[in-house]
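Student: I am new to this structure and would like a close look at a single part of it. Could you walk me through one helix and its surroundings?

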Amino acid sequence: MDKIKLETLGIEFELKGMKYYDLGFTNDMEKTGKHIFEDVENRAHIDPLIENGISKNNEAIGKFHSVIGFKDHFEYYVYYQDSKDKLMNTKVKGHEEAHVLHHCGKLQELKRELKKLGHSIDLSNSNNYSFSKKDPEYVAEIGSLLALEKAGFPILKLQVKSDNEGSYFSKIMGQSLQNYQNSYKNKLIPLRKTLWNLLY
Ligand SMILES: [Zn+2]
C-alpha cells in the first residue's frame, strides 16, 4: 500500500486503493485540469467519474479532483496556481490537501494534528464530506491555517483582508481564522495561570 503524504499538513496515512498525485504549482490551471481529464479518460476501465470538474474562466487558485472508474484503485489530484508568494502558496496547498483528507474520509488525521498543536476546534459536524454543504471550505481553511502554522508563519498576527462585498469565501476565511486563533489563545491561558500561581 502506498503511503499518502500531504506535505504542508505534515500528515501521512495509508488508504487501500488510493493513489495521490500532487502536481504542484502550475501557471495554467485550466490546461493542467484538461491534461488530467484526458489522461484518466484514456486509462479508466469504465467512464471515469471525476468530481470537482474544471470550467472555463475558473478563478480557483487551487484544485483537487477525485477520480473513480479504474479497476482496482481510485485517484486524487491536487494542483495550484503559483502566486509567487510563500504564504499564499502554503495556504492554497494546505487548503487543497485538507480537502483531499476530508473527502477520502480521513478527517480524523487532521483533528489529531490540530490536537497535537493544542487546538480545540470543533469539526464534529463535518465528519462526512459533502459537496452540497458549506463546511468543506471551512475544514479546508482550518487545514490551510495548520499548514501556515507548521511552516512557521505567525498565526496570531494573520488577518483576513475582507473584500468589499464581504464574499461568502472571505466570510469563511474570517471565521476559520478567528476560531483558529482563539483556540490558540485558549491554549496559553492555563499556562499563564500556572505561572501566576507559581510566582505569587
Ligand atoms: Zn476549497
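Student: Before we zoom in on helix α2, what percentage of the 200 residues in the chain is buried?

Tutor: Happy to help! This is a predicted model, in which local features need pLDDT of at least 70 and side-chain atom pairs count only at pLDDT 80 or more, while totals for chains, interfaces and linings use all residues. Residues are numbered from 1 along each chain as its sequence is written. Buried residues (20 or more other C-beta atoms within 10 Å of their own, with C-beta atoms placed from the backbone) make up 28% of the chain.

The chain has five helices and six strands (DSSP runs numbered from the N terminus: H or I of at least four residues for helices, E of at least two for strands). Now to α2, residues 86–103. Its end C-alpha atoms are 26 Å apart, which agrees with the 26 Å that its 18 residues should span at 1.5 Å a residue (the expected span is 1.5 Å times one less than the number of residues). Of those 18 residues, 15 are buried, so α2 is mostly covered. After α2 comes Gly 105, with a positive phi near 85 degrees.

The largest nonpolar core (buried Ala, Val, Leu, Ile, Met, Phe, Trp, Tyr and Cys residues joined through C-beta atoms within 7 Å) has 27 residues, and Ala 98, Leu 101 and Ile 142 touch the most other members. Elements giving two or more residues to this core are α2, β1, β6, α3 and α4, and α4 gives the most, with eight. Beyond its neighbours within four places in sequence, Leu 101 is in contact (C-beta atoms, placed from the backbone, within 7 Å) with residues including Leu 6, Ile 11 and Leu 110.

Methods. Buried ≥ 20, exposed ≤ 12 C-beta atoms within 10 Å, placed from the backbone. Contact = placed C-beta atoms within 7 Å.
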